[in-house]
Amino acid sequence: MTAAAVSVVLLVGGLVPVPFERRPEFSSVGPDKLLHLLGHGAFSVALADALAADGRGHGESAVVAAATSTAYSFVIGRLQRWVPGRVHERADVVAGVVGSVLAVVWWAIRGDERPAIRGRTGRR
């Protein structure tokens, strides 16, 4: 999935009104934190892949992808203030940051193990 597609899924998922009331026991750690972790992890990997395909190094791509995902999490959180049933939570941002960092570290390690990607002609 492309970085643009994942970013749209994150935006729509974060801004869809919630028809039910929030459960107080889920105030800081709820099932949505796993979705933030996985969603921002997927976004970071897709973005890092796109940046690396443009010729950036793995380290730079990983850092830029994780930072962009974190900023995107803040933007979505701020937009949630106008959406019924949605609340910006620090724990959501933390879950997104953790997911982003873990995902790009995995991506960078995995990328170092892959052979160089060659073009269709077989030349670098």
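Glu 89 has a relative accessibility of 9% and therefore counts as buried. In this predicted model, the residue forms a salt bridge with Lys 33, with the closest N and O atoms 3.2 Å apart. This contact joins distant parts of the chain: Glu 89 belongs to the loop between helix 3 and helix 4 (90-113), while Lys 33 belongs to helix 2 (residues 32-53), 56 residues apart.

Lys 33 is likewise assigned to the buried class because its relative accessibility is 9%, and the cut-off for that class is under 20%. A salt bridge also connects the side chain of Lys 33 with that of Asp 92, at 2.8 Å from N to O. Here too, distant parts of the chain are linked, since Asp 92 lies in helix 4 and Lys 33 in helix 2, with their positions 59 residues apart. Asp 92 is buried, its relative accessible area being 5%. Together with Asp 32, the residues Lys 33, Glu 89 and Asp 92 are linked in a network of salt bridges.

The whole structure contains four salt bridges. One of them brings together the side chains of Arg 56 and Glu 60, at an N to O distance of 2.7 Å. Arg 56 is partly exposed, with 38% relative accessibility, and Glu 60 is partly exposed as well, at a relative accessible area of 42%.

The surface also carries a nonpolar patch, formed by Leu 11, Val 75, Leu 79 and Trp 82, whose accessible area together is about 390 Å². Within this group, Leu 79 is located in helix 3 (residues 58-79). Its relative accessibility of 34% places Leu 79 in the partly exposed class.

Definitions and conventions. Residues are numbered from 1 along each chain as its sequence is written. This is a predicted model: local features need pLDDT of at least 70, side-chain atom pairs count only at pLDDT 80 or more; totals for chains, interfaces and linings use all residues. Side-chain values use heavy atoms; hydrogens and water are left out. Patches are made of residues with over 30% relative accessible area and no salt bridge: like charges are joined within 9 Å, nonpolar side chains (Val, Leu, Ile, Met, Phe, Trp, Tyr) within 5 Å. Accessible areas come from the Shrake-Rupley method with a 1.4 Å probe; for residues, only the protein chains shown count as cover. Helices (H or I, at least four residues) and strands (E, at least two) are DSSP runs, numbered from the N terminus. Buried means under 20% relative accessible area, exposed over 50%, partly exposed in between (1.4 Å probe, protein chains only).
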